[in-house]
Amino acid sequence: MSGTPTLVVIGAGPRGTGVVERIAANAAELYEGLPLDIHLVDPYPPGGGRIWREDQSPLLRMNSMAEDVTMFTDDTVQLDGPVIPGPDLHTWAGDVREGRAEAAAGPEVLEEIHGLGGQDFPSRRLQSAYLRWVYEQALAALPPGITVHEHRGTALRVQGPRDGRQKVWIEGRAEPLAADLVVLTVGHLDAELPAEQRELSAFAARHGLVHLPPDFTADSDLSALRPGEPVIVRGFGLAFIDLMVLLTEGRGGRHENGVYVPSGREPVLHVGSRRGVPYHSKIGYTWQGERPPLPHHFGPAQVARILDRPGPVDFRRDVWPLVAKELGHAHYHRLFTAHPERTAVDRGDFEEKYAVAEPGSPELAALVASAVPDPADRLDLDALDHPLDGVRHASYDTLQDGLRAYITADLARRHDTRHSPDLAVFLGLLSVYGQLTGLGDIGEKWHGFFSYLASGPPGPRLRQLLALSDAGIVRFLGAGMTVGTYERQGVFRAGSATVPGAYTEARALVEARLPDPSLLRTRSPLLSGLYEDGAAGTDTGLLSVHPADGRVLDRDGRPHPRRFALGPYTTARSSGAFTRPRTGGPAFRQNDATARTALAFLRDLSCRDRVTV
């Protein structure tokens, strides 16, 4: 090596910003007085990146309260580097109002900042301003000699030997960037269509229909969905909520006192999914009182025992029973401490017996039944996960009433502190996710379950959904949704297990979800190039990385000394883009470990080069 050591970070969104913040935090210990060039590569502005960029509809909101979003570490995070505290989103907005912080934002976002409450759900444009500020704070915290160079472009390829400098090719740039280390922090990426989606697109092309495959909703062209026409929508998560908003308020409709006033430009959305219901509402109150001790039944010791077993990890067999017991622990701890009048035995006696009962055993079920008289106070994860199992309706009309009643009940429960064990389960889910990062790729079922239970829409969005249902703009299809093609009629046809024998036909089909993260189908030449160069991928297509520091693994399990990767397409994926304060977010730990390993490598490289010279 000659010249200044160089680190290239590909991806300037929240994860890339977090890595830069951790480099700044650890530099005094690991890189004092040494020069370093950091090259930050992203086609979108630093801080927000693609998903959280400023340039998107003001109607699109976060699904987290302002006080529940932070980009800064605290003393609950298990990390080797220093804790550098900073404001959560709500506190930062207060600092802006009081003149203690600046916001690079337009007048509409500034107006929102000045009216933001801690339990409000901010717009994504406001979050973009917060992320930009965090990025600028990270730059300002870098010591003299460490310089960041921004490159507005798409990284196309990383090449280079294991024991030498890497080359990073950027679209539109004739020469590659030379890098001693490369850290990939790209987020959600476009993907090639799987076979079913290709067949649906071909069918649509033959018959002049509309098929919108999985995509980031803010980037989808919705203009082909015509007013008044039926649209089949497969997917009932957050992507559907965005779609719903853009096709209603985004086309001039408005909500007034719980009633939707249409503009006449809306299509009619017929929505269904595997579960047939929307994600559970975000909980509308904050924690009070004693927290459940977490992790308790699923922590590092249990993860280590699972990894020590021979053969691959089977999530349902090896992991799920421990997860269920941990979530039950959180639930019943809260029930006994906050609502003891709804329990029938001594808390200490219950906890002692619960601790030794086998997960999922008849003994555990009997213990819970004897201690918690009302079945409504018991945690039933299967019923939560599949609320429409066994539910049948004679017609779609009766299903509408049934689903509206379900959503109304969910809203009431998630905003009622008498059901505060639900919030304890949420904390349990966060704890479990932090432990699961050590197990690598555990499949998609867990991530779907977590999102459905813990990462649903704000309550106001579900109230809007109810209003749209009352107005006939949204129609529910039910659970076990099927989508087929009707060649003779030239239409898409959807049905469900909830309304046997009934079908809905439409000339438009929207897949309301993000593409699955997969090396095998990604449209990113950067990731597919890594795979072609020998990087290991899991059976589900995730990029395999070392659980300790994010180094990319090859197919022999060897960590690459000069390549790191963090994010949703890796086996180190975490529960979301952001962390709730004081929950020990695993993304912070991962960012810190990657930054420390990178700085130590670059320091040793620099010192070795100086000795050679």
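Helices H8 and H9 are roughly antiparallel to each other, and this pair is the opening stop of a tour through a predicted model.

**Stop 1: helices H8 and H9**

Select residues 315-338 for helix H8 and residues 347-356 for helix H9. Their axes come within 11 Å and cross at roughly 180°. An angle over 145 degrees counts as roughly antiparallel, and the description of H8 and H9 as roughly antiparallel therefore applies. To display the contact on the H8 side, show Ala324, Lys325, Gly328, His329, Tyr332, His333, Phe336 and Thr337. On the H9 side, the residues to show are Arg347, Phe350, Glu351, Tyr354, Ala355 and Val356. Coloured by class, the contact of H8 with H9 separates into seven nonpolar, four polar and three charged residues.

**Stop 2: Val368 in helix H10**

Keep Tyr332 and Phe350 on display and select Val368, which belongs to helix H10 (residues 362-371). Which residues does Val368 contact, leaving aside its neighbours within four places in sequence? They are Tyr332, Phe350 and Arg378. Tyr332 is part of H8 and Phe350 is part of H9 in the contact described at the previous stop. Val368 has a relative accessible area of 9% and is therefore buried. For a sense of distance, draw a line from the C-alpha atom of Val368 to that of Gly448: the two are separated by 27 Å, with these positions 80 residues apart along the chain.

**Stop 3: helices H12 and H15**

The next selection is a second helix pair, H12 (residues 396-414) and H15 (residues 459-470). The axes of H12 and H15 come within 10 Å, with a crossing angle of roughly 160°. H12 and H15 are therefore roughly antiparallel to each other. Is their crossing left-handed or right-handed? The crossing of H12 and H15 is left-handed. H12 contributes Arg404, Ile407, Thr408, Asp410 and Leu411 to the contact. From H15 come Gly459, Leu462, Arg463, Leu465, Leu466, Ser469 and Asp470. By class, five residues in the contact of H12 with H15 are nonpolar, three are polar and four are charged.

**Stop 4: Ala506 in strand S16**

Move to Ala506, in strand S16 (residues 504-506). With a relative accessibility of 3%, Ala506 counts as buried. What surrounds Ala506, leaving aside its neighbours within four places in sequence? Its contacts are Pro230, Val231, Ile232, Val491 and Phe492. Select Val268 as well: its C-alpha atom is separated from that of Ala506 by 9.9 Å, although the two residues are 238 residues apart along the chain.

**Stop 5: the loops on either side of helix H16**

Select Ser524, in the loop between strand S17 (508-511) and H16. Ser524 is buried, with 12% relative accessible area. Not counting residues up to four places away in sequence, Ser524 touches Leu189 and Asp190.

Then select Asp549, which lies in the loop between helix H16 (525-532) and strand S18 (551-553). Is Asp549 buried or exposed? Its relative accessible area is 8%, and values under 20% count as buried, so Asp549 is buried. Beyond residues up to four places away in sequence, Asp549 touches Phe564, Ala593, Thr594 and Thr597. With Thr597, the contact includes a polar one between the two side chains, at 3.4 Å.

**Stop 6: backbone details in three loops**

The remaining selections concern the backbone. In the loop between strand S12 (268-272) and helix H7 (300-308), select Pro295. The peptide bond from Leu294 to Pro295 is cis, with omega near -5°.

Next, select Asn257, in the loop between strand S10 (254-256) and strand S11 (259-261). Phi of Asn257 is near 55°, a positive value in a residue other than glycine. Asn257 is exposed, with a relative accessible area of 82%.

The tour ends at Arg582, in the loop between strand S19 (559-565) and helix H17 (586-612). Arg582 also has a positive phi in a residue other than glycine, near 65°. Its relative accessible area is 46%, and Arg582 is partly exposed.

Terms used: Residues numbered from 1 in each chain as written. Predicted model: local features only at pLDDT ≥ 70, side-chain atom pairs only at ≥ 80, totals over all residues. Heavy atoms only, no water. Axes fitted to C-alpha atoms, helices over the stretch in contact; angles between N-to-C directions. Helix = DSSP H or I, 4+ residues; strand = E, 2+ residues; numbered from the N terminus. Parallel < 35°, antiparallel > 145°, perpendicular 65-115°, else oblique. Left-handed = near helix turned anticlockwise from the far one by under 90°. Contact = heavy atoms within 4.5 Å. Nonpolar A, V, L, I, M, F, W, Y, C, P; charged D, E, K, R; others polar. Buried < 20%, exposed > 50% of the residue type's maximum accessible area, 1.4 Å probe, protein only. Polar contact = N/O pair within 3.5 Å; in protein donor to acceptor, adjacent residues only side chain to side chain.
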